[in-house]
Amino acid sequence: MIRIPDAEHDTLRLAERPLVVCDIDEVVLEFVSPFQDFLKANGHELRPRSFRLTGNIVSLDDGRETSAEDVGRLIEAFFSEQADWQTPVAAAAESLANLSGHADIVFLTAMPPRHRDMRRSLLGRHGFDYPMIATESPKGPAIKALHGERPHPVVFIDDIFVNLHSVREHMPQTLLINLMANPTFRALAPHPGDGVSIATDWPHAESLIREHIAA
């Protein structure tokens with residue numbers, strides 16, 4: 001059984017085959033769109049002018065920018081109610097089911113571990129029954145601990161370039177895929193950097209992964 005330092009996770013046992021590790025928010029579950037709805041229901045609005053949340057959330061009462069501290073509280077409240085708001089990203093379930101016949105699938109989320117049980121239940125509701133790791137530590141060391149020195153291909157999918165770069169630093173042989181469901185924020189996102197493939201959607205990501213595994 002595999003243990004990942006500084007993480008809460010399901011039982012992890014990998015087969016002798018490729019590994020596909022997926023972020024969850026904006027990759028497997030919608031985040032930005034339901035968070036926008038959540039904010040409006042709680043007296044705020046997200047006005048995307050740059051690729052971040054802090055600085056782009058305002059009060060509906062007076063239009064004032066919401067402080068970083070209050071943004072943090074809103075995100076925490078959203079995760080506490082995520083089961084009522086978040087839905088699967090289009091084609092994620094189908095693509096992962098297709099890939100699961102050729103590779104082990106593991107979810108790696110940066111969400112605070114205290115919300116792990118709710119997220120695990122939400123994923124199961126939508127048929128995402130793959131093992132999940134919850135950690136606020138950098139993702140590169142987590143994947144290195146998970147994959148170890150196995151000779152099999154490894155893939156990592158995330159919407160945030162910092163996470164992709166962390167994996168590139170610790171596991172340079174990894175196929176890195178940048179995928180973000182929300183089109184508005186995707187257009188505002190910085191380029192993820194050299195060595196990162198940009199997927200337009202899940203069918204595109206599936207194609208990239210299949211090519212990597214076949215090679």
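A salt bridge here is a side-chain nitrogen of Lys or Arg within 4 Å of a carboxyl oxygen of Asp or Glu. The model is predicted. A search of the whole structure finds 14 salt bridges.

**Exercise 1. A long-range pair**

Task: Establish which residue forms a salt bridge with R119, and where the two partners sit in the chain.

Solution:
- Step 1. Find the partner. R119 pairs with D25.
- Step 2. Check the distance. The closest N and O atoms are 2.9 Å apart, and the cut-off is 4 Å.
- Step 3. Place the residues. R119 belongs to helix α4 (residues 116–125). D25 lies in the loop between β2 (19–22) and α1 (32–41).
- Step 4. Read the separation. The partners are 94 residues apart, so the pair links distant parts of the chain.
- Step 5. Add burial. R119 and D25 are both buried.

**Exercise 2. A pair within one helix**

Task: Explain how E206 and R210 are placed along their helix, and classify each by accessibility.

Solution:
- Step 1. Confirm the bridge. The closest N and O atoms of E206 and R210 are 3.0 Å apart.
- Step 2. Locate the pair. Both residues are in helix α8 (residues 202–214).
- Step 3. Count along the helix. E206 and R210 are separated by about one helical turn because they are 4 residues apart.
- Step 4. Classify E206. Its relative accessible area is 11%, so E206 is buried; the limit is under 20%.
- Step 5. Classify R210. At 36%, R210 is partly exposed.

**Exercise 3. A neighbouring pair and its network**

Task: Decide whether R116 and D117 are each buried or exposed, and name the network that they join.

Solution:
- Step 1. Confirm the bridge. The side chains of R116 and D117 meet at 3.4 Å, N to O.
- Step 2. Classify R116. Its relative accessibility is 13%, so R116 counts as buried.
- Step 3. Classify D117. Its relative accessible area is 59%, so D117 is exposed.
- Step 4. Extend the pair. Shared partners join D10, R116, D117 and R120 into one salt-bridge network.

**Exercise 4. Two packed helices**

Task: Describe how α3 and α8 pack, and break down their contact by residue class.

Solution:
- Step 1. Take the geometry. Helix α3 (residues 92–99) and α8 pack at about 15°, with axes 9 Å apart.
- Step 2. Name the arrangement. Angles under 35 degrees count as roughly parallel, and α3 and α8 are therefore roughly parallel.
- Step 3. Give the handedness. Their crossing is right-handed.
- Step 4. List the contact. From α3 come A92, S95, L96, N98 and L99. From α8 come W202, P203, E206, I209 and R210.
- Step 5. Sort by class. The contact has 6 nonpolar, 2 polar and 2 charged residues.

Technical notes:
Residues are numbered from 1 along each chain as its sequence is written. This is a predicted model: local features need pLDDT of at least 70, side-chain atom pairs count only at pLDDT 80 or more; totals for chains, interfaces and linings use all residues. Side-chain values use heavy atoms; hydrogens and water are left out. Buried means under 20% relative accessible area, exposed over 50%, partly exposed in between (1.4 Å probe, protein chains only). Axes are lines fitted to C-alpha atoms, for helices over the stretch in contact, and angles run from 0 to 180 degrees between N-to-C directions. Angles under 35 degrees count as roughly parallel, over 145 as roughly antiparallel, 65 to 115 as roughly perpendicular and the rest as oblique. A crossing is left-handed if the near helix is turned anticlockwise from the far one by less than a right angle, and right-handed if clockwise. Contact means heavy atoms within 4.5 Å. Ala, Val, Leu, Ile, Met, Phe, Trp, Tyr, Cys and Pro count as nonpolar, Asp, Glu, Lys and Arg as charged, and the others, Gly among them, as polar.
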